[in-house]
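User: I'm new to this one, and I'd like to know what stands behind the labels people put on it. Can we go through a few of them together?

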Amino acid sequence: MESIRIVKFFKNKSILVTGSTGFLAKIFVEKVLRVQPEVKKLFLLVRAGDAASANRRVQTEILDKDLFKVLKDKHGDGFHSFVASKLVPLGGDIVQEDLGIHDSDLRRNLWKEVEVVVNVAATTNFDERYDVALGINVLGAKHILEFAKRCVRLQMLLHVSTAYVAGVQSGLILEKKFLMGETLTGDSYLDIEAELSLADKKKRELRAEDATEEAEKLAMKELGINRAKLFGWPNTYVFTKAMGEMLLGHSRGDLPMVILRPTIITSVQSDPLPGWIEGTRTIDSVIIGYAKGKITCFFGDLDVIIDVVPGDMVVNAMMATMAAHSKQQAEFIYHMGSSVRNPVPYATLEHCHFRYFLANPRVGRDGSVMPTKRLSFIKSMVGFRVFMTLRYKLPLEVMHLFNLLSCGRIARGYNELNRKYKYVMYLVELYKPYAYFDGCFDDLNMERLRMAMKKDDAEAKMFDFDPKHIDWEAYFSSIHIPGVMKYAFK
């Protein structure tokens, strides 16, 4: 692979970005504008009914974020005129054909101008409604591909997936593509059209039965989880992302395409704002739960490797793969993770977590300082279930009995506590595969790309995506956990 000139690649490019109000896409948009101000246009597809709504969303959900402070300082009073000349908000929706862009003249102009399509749109909820997950992660990928094929100047389609499309595996997981209809059980065929029809049929049945909105939501969530497990995936999210990859690989023809599979994406490590994060990433639920005084113990093996990668490194990898494979009529698969090159166990995160809160004690609602104690971890699921039974389930059963004997005097309190207990156990089952995940993601393709970039020291530094350069203790203690407390803790 020849040396890659990334900054040059983005000069005068017209790029369509989906999912642009999401965490990763924001970092991508900011980076492109900052390192290559001569990019021609960034067309930002946002879910909106009209141009005015799309503009408002881009302003409030993208440009007003702290992430853009460096760019604002760089341009000063000219910031707004600069971004106005580069960013084009598009109202639309990837679940619809033509990406929900109803203006035929606008569509034709996009097909004439767009050279790169970056698909970051996704629903990442593990237990999303099956119809919603299919719409965004599967049909959305199909619609993106159909739109990209009509772009006469197209040089590249980059699709961001997840490394966990591999399901729950052990050992080294290779950077290989999915075949159409492939399942993780190996003894069945996955008919995507049949899955779409099944979800639609189930929804129509529920509505014919006048099911409540909540009942429909729960039924559609349950359907997604059950279908995922039937074919070997642990949850609806990774199942539908795998289907999206299958559709892209099967139908792309000779269109140049990169599928990038990050692992668990965490806060920005260095560029442009260390610690910046949006939403609650998988591992951050425990940090926030502890900070609020709601979690004192958790399940999991502290010796297990946690495969995390900072958001800015993922974006750097996105930009490098796009520049490397532009106009190459093939499909390229990349893992972007840390478990092979710089593995870090959960124990390191736990140690940094304790050290951070020791230096920054929690304060309760009444203003009193909460004592800093280490989170206790229960290594086995059997042990955790026994703990939950003794600590919560048995007292709930006693409470239930008292409620019956007292003719429902404490029914409201019992029902609320029982609901919380069931929800916690539901989440435990949902996250269990990742608390004990013992696979690691091969990144040989990514390593080849890193080696090619080393021929240009300036670009290798500007677009660093080598996990070996991360000091995990420093990152968790001084960047990530403080970032979670500043940007995600509410």
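User: Why is Cys151 called buried?

Analyst: Buried means under 20% relative accessible area. In this predicted model, Cys151 comes out at 5% relative accessibility, so it counts as buried.

User: And what makes Cys352 buried?

Analyst: The cut-off is again under 20%. Cys352 has a relative accessible area of 0%, so it is buried too.

User: How many disulfides does the structure hold?

Analyst: Zero. To count, a pair of cysteine sulfur atoms has to sit within 2.5 Å, and the structure holds no such pair.

User: Arg34 is a charged-looking name to me. Why does Arg34 count as buried?

Analyst: Its relative accessibility is 14%, and the label needs a value under 20%, so Arg34 counts as buried. You'll find Arg34 in helix α2, residues 23–35.

User: What makes the pairing of Arg34 with Asp271 a polar contact?

Analyst: The limit for such a pair of N or O atoms is 3.5 Å. The side chains of Arg34 and Asp271 make their contact at 2.8 Å, and the side chain of Arg34 also makes one with that of Glu30, at 2.7 Å. Both values are within the limit. Among the residues that Arg34 touches are Val70, Leu71 and Pro272.

User: What is Phe28 doing in the talk of a nonpolar core?

Analyst: The largest nonpolar core has 124 residues, and Phe28 is one of those that touch the most other members, along with Val118, Trp233 and Met318. Helix α12 (residues 311–325) gives this core its largest share, ten residues. Phe28 itself touches residues including Phe10, Ile15, Val118 and Met318. As a general point, nonpolar side chains in soluble globular proteins tend to be buried together.

User: How do you know that β1 and β2 pair?

Analyst: Two strands pair if there are at least two bridges between them. Strand β1 (residues 14–18) and strand β2 (residues 41–47) are joined by four, so they pass. They run parallel, and Val17 has Leu44 as its bridge partner in β2.

User: Why are β3 and β11 called edge strands?

Analyst: Each of them pairs on one side only. The open sheet has seven strands in the order β3-β2-β1-β4-β5-β7-β11, with parallel pairing. Neighbouring strands are turned by 20° against each other on average, direction ignored.

Key:
Residues numbered from 1 in each chain as written. Predicted model: local features only at pLDDT ≥ 70, side-chain atom pairs only at ≥ 80, totals over all residues. Heavy atoms only, no water. Core = buried A, V, L, I, M, F, W, Y, C linked by side-chain atoms within 4.5 Å. Buried < 20%, exposed > 50% of the residue type's maximum accessible area, 1.4 Å probe, protein only. Helix = DSSP H or I, 4+ residues; strand = E, 2+ residues; numbered from the N terminus. Contact = heavy atoms within 4.5 Å. Axes fitted to C-alpha atoms, helices over the stretch in contact; angles between N-to-C directions. Polar contact = N/O pair within 3.5 Å; in protein donor to acceptor, adjacent residues only side chain to side chain. Lists of a residue's contacts leave out its neighbours within four places in sequence.
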